[in-house]
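Reader: I have a model open on my screen and would like to learn how to read it. Could you take me through some of its features?

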Amino acid sequence: MRRRMRSRWTAAAAVVMAGVLSLSACGGGGDQAAQPTQGGGDAKKQVEVFSWWTGPGEADGLQAMRKIFEERNPSYTFFDAAVAGGSGDKAKALLQSKLQADTPPDTFQGHAGAELQGYIKAGDLEELNFLYDELKLKDAFPAQLVDQISVQGKIYSVPVNIHRSNVLWFNPAVLKEAGVAGAPKTLEEFVAALEKVKAKGKVPLSIGSEWTVTHLMESVLLGSLGTDAYNALFKPGADWNSPQVTKALEQFKTIMSYAGDPQDDWQPAAKQVADGEAAFNVMGDWAYGYFHNPPEGGLGKKSKTDFDWAPAPGTEGTYLWLSDSFTLPKGAKNRDGAVAWLKVAASKEGQDAFNPKKGSIPARKDADQSLYTDYLADALKDWSSNKLAGSVQHGVAVNQPWLASINEAVGLFIGTKDVAALQKALADAAQANAQ
């Protein structure tokens with residue numbers, strides 16, 4: 001067994017393994033119970049694709065890419081190893097156990113940016129420069145994206161999309177009933193709108209499981225601090241104890257005081273907005289696919305009527321971004337099949353099949369823009385013109401150990417509502433993990 005340098009988030013992964021192992025058996029597709037085909041004769045070789053795309057919209061996008069993959073590669077069959085759970089926390093825990101046991105999937109999903117650092121340092125990933133050269137991907141992807149997924153000139157993942165984290169989803173009818181004239185642009189306007197909705201007896205702000213609260217917090221930090229000060233928080237020597245951060249976290253506490261009962265994950269929280277039970281939800285733009293897609297894969301809701309969107313309060317002009325990508329693990333059973341999958345994930349055809357269903361925009365610069373309408377047209381426009389800030393919860397701004405510490409601090413805050421303790425924990429996490 002090859003020697004790895006393991007970061008301390010391995011221990012945290014072990015804690016949740018008992019609950020995850022049962023998920024790995026059922027995952028998100030219909031073929032999880034199948035066993036990989038053994039070689040021999042004309043039997044198709046299975047390619048194990050590990051992700052956390054099991055919900056409506058995201059699963060539809062994955063299946064669209066799967067169809068292209070199997071059409072292009074008749075000697076391979078797709079093995080959907082998806083593990084349920086928004087943001088991938090459960091999937092990452094199971095993945096870590098597989099990597100430690102030297103039984104990696106053939107390819108796995110990971111957020112581009114700091115999230116991949118642990119895998120790279122542990123020696124878990126093959127570099128993909130050969131594929132970028134063969135497919136001319138440095139020309140196809142924006143330079144800033146290539147920079148984010150490069151380490152000392154080496155590239156370790158293939159991005160399939162760009163997502164926006166800082167989206168405020170709202171129900172126009174609920175706002176109208178409460179006397180709120182459109183989406184609030186500032187945090188102060190947001191609090192005032194939440195109060196008006198509360199007075200009408202509706203849920204002002206829907207939330208999901210714990211990770212969705214960290215997701216909300218990053219947008220509040222950005223909306224309060226501004227782009228430059230937010231980005232500075234993730235650089236060495238950042239001052240997480242500043243009065244400006246204190247103010248932002250106090251605003252976060254106030255906003256959280258209007259939250260409804262936590263839902264199991266982001267989808268049921270978003271559904272509260274679409275169904276008119278709640279006014280607002282701060283969630284990434286993958287929610288668009290869930291809202292918009294037909295009932296067999298989403299809610300079948302009508303945009304601008306059943307739901308609407310705006311930048312999260314205070315963040316207009318900034319794209320709080322993340323990117324889903326796929327990797328090539330060392331020791332993969334079917335390396336050639338994994339490379340074939342990566343080629344589909346990197347392709348114009350693959351990304352144009354995946355992203356409209358997922359509710360994201362393509363990582364490629366040459367995608368068919370006519371496919372991206374409604375919310376996605378707004379996203380394409382903003383991506384090309386906005387300032388950029390990296391998501392915390394979704395792996396751009398912080399690595400895995402740092403995120404684990406942030407989520408622990410947020411989890412404690414949900415119970416205590418103690419801003420001072422939250423700020424200290426965030427400052428300690430930054431000091432321990434900033435590079």
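Author: Happy to. This is a predicted model, and a good place to begin is D308, which counts as buried at 13% relative accessibility. The cut-off behind that word is under 20% relative accessible area, so 13% falls on the buried side.

Reader: Which residue forms a salt bridge with D308, and how far apart are the closest N and O atoms?

Author: The general idea comes first. Side chains of opposite charge can pair when their charged atoms come close. Here the partner of D308 is K304, and the closest N and O atoms are 2.9 Å apart. K304 is partly exposed, with a relative accessible area of 46%, whereas D308 is buried.

Reader: How many salt bridges does the structure hold?

Author: There are 17 salt bridges. One of them joins E134 to K343, with 3.0 Å between the closest N and O atoms. E134 sits in helix 6 (residues 129–135) and K343 in helix 16 (residues 335–346), so this salt bridge ties together parts 209 residues apart in sequence. E134 is partly exposed at 46% relative accessibility, and K343 is also partly exposed, at 30%.

Reader: What about the salt bridge between E177 and K202: which parts does the pair tie together?

Author: The closest N and O atoms of E177 and K202 are 3.5 Å apart. E177 belongs to helix 9 (residues 172–178), while K202 is in the loop between helix 10 (187–199) and strand 9 (203–205), so the pair ties together parts that are 25 residues apart in sequence. E177 has a relative accessible area of 42%, which makes the residue partly exposed. K202 is partly exposed as well, at 28%.

Reader: Which residues are linked in a network of salt bridges?

Author: Look for E48, K98 and K333, which salt bridges link in a network.

Reader: Let me step back to the whole protein. How many helices and strands does the secondary structure come to?

Author: You will find 20 helices and 14 strands. The protein has 435 residues, and 57% of them are buried. Its accessible surface is about 17,100 Å², with 51% belonging to carbon and sulfur atoms. To see how the chain comes together, count contacts with a separation of 6 or more: residues 24 or more positions apart account for 79% of them.

Reader: How do I check a single helix, and what should the 15 residues of helix 3 span?

Author: Compare the span expected from the residue count with the distance between the end C-alpha atoms. For helix 3 (residues 58–72), 1.5 Å a residue leads to 21 Å, and the end C-alpha atoms are 22 Å apart, which agrees. Next, ask which residues are buried: in helix 3 these are E58, A59, G61, L62, A64, M65, R66, I68 and F69. They pack against strand 1 (45–50), strand 2 (76–80), helix 14 (266–274), helix 16 and helix 17.

Reader: Helix 17 came up there. Is Q351 buried or exposed?

Author: Q351, which lies in helix 17 (residues 348–358), is buried, at 0% relative accessibility. To read a residue like this, look at what its side chain reaches: for Q351, that is the backbone oxygen of A345, at 3.1 Å. Leaving aside residues up to four places away in sequence, Q351 touches several residues, among them F141, P159, V160, R364 and Y372.

Reader: Where is E115, and what does its side chain contact?

Author: E115 is in the loop between strand 3 (107–111) and helix 5 (117–121), and at 1% relative accessibility this residue counts as buried. Polar contacts join the E115 side chain to that of K92 at 3.1 Å and to that of H111 at 2.9 Å. Beyond four places in sequence, E115 also touches residues including W52, H394 and N399.

Reader: Last topic: how many aromatic pairs does the count come to?

Author: The count is 28 aromatic pairs. Y230 and F234 form an edge-to-face pair, 5.1 Å centre to centre with 70° between the planes, and both residues are buried. The rings of F307 and W309 have centres 6.0 Å apart and planes at 40°, so that pair is tilted. Both F307 and W309 are buried, and ring pairs link them into a cluster with W169, W266, Y288, Y290, F291 and Y375.

Key. Residues numbered from 1 in each chain as written. Predicted model: local features only at pLDDT ≥ 70, side-chain atom pairs only at ≥ 80, totals over all residues. Heavy atoms only, no water. Helix = DSSP H or I, 4+ residues; strand = E, 2+ residues; numbered from the N terminus. Buried < 20%, exposed > 50% of the residue type's maximum accessible area, 1.4 Å probe, protein only. Contact = heavy atoms within 4.5 Å. Areas by Shrake-Rupley, 256 points an atom, 1.4 Å probe, with all protein chains shown as cover. Salt bridge = Lys/Arg side-chain N within 4 Å of Asp/Glu carboxyl O. Polar contact = N/O pair within 3.5 Å; in protein donor to acceptor, adjacent residues only side chain to side chain. Expected span 1.5 Å × (residues − 1). Phe/Tyr/Trp six-rings, centres within 6.5 Å; stacked < 30°, edge-to-face > 60°.
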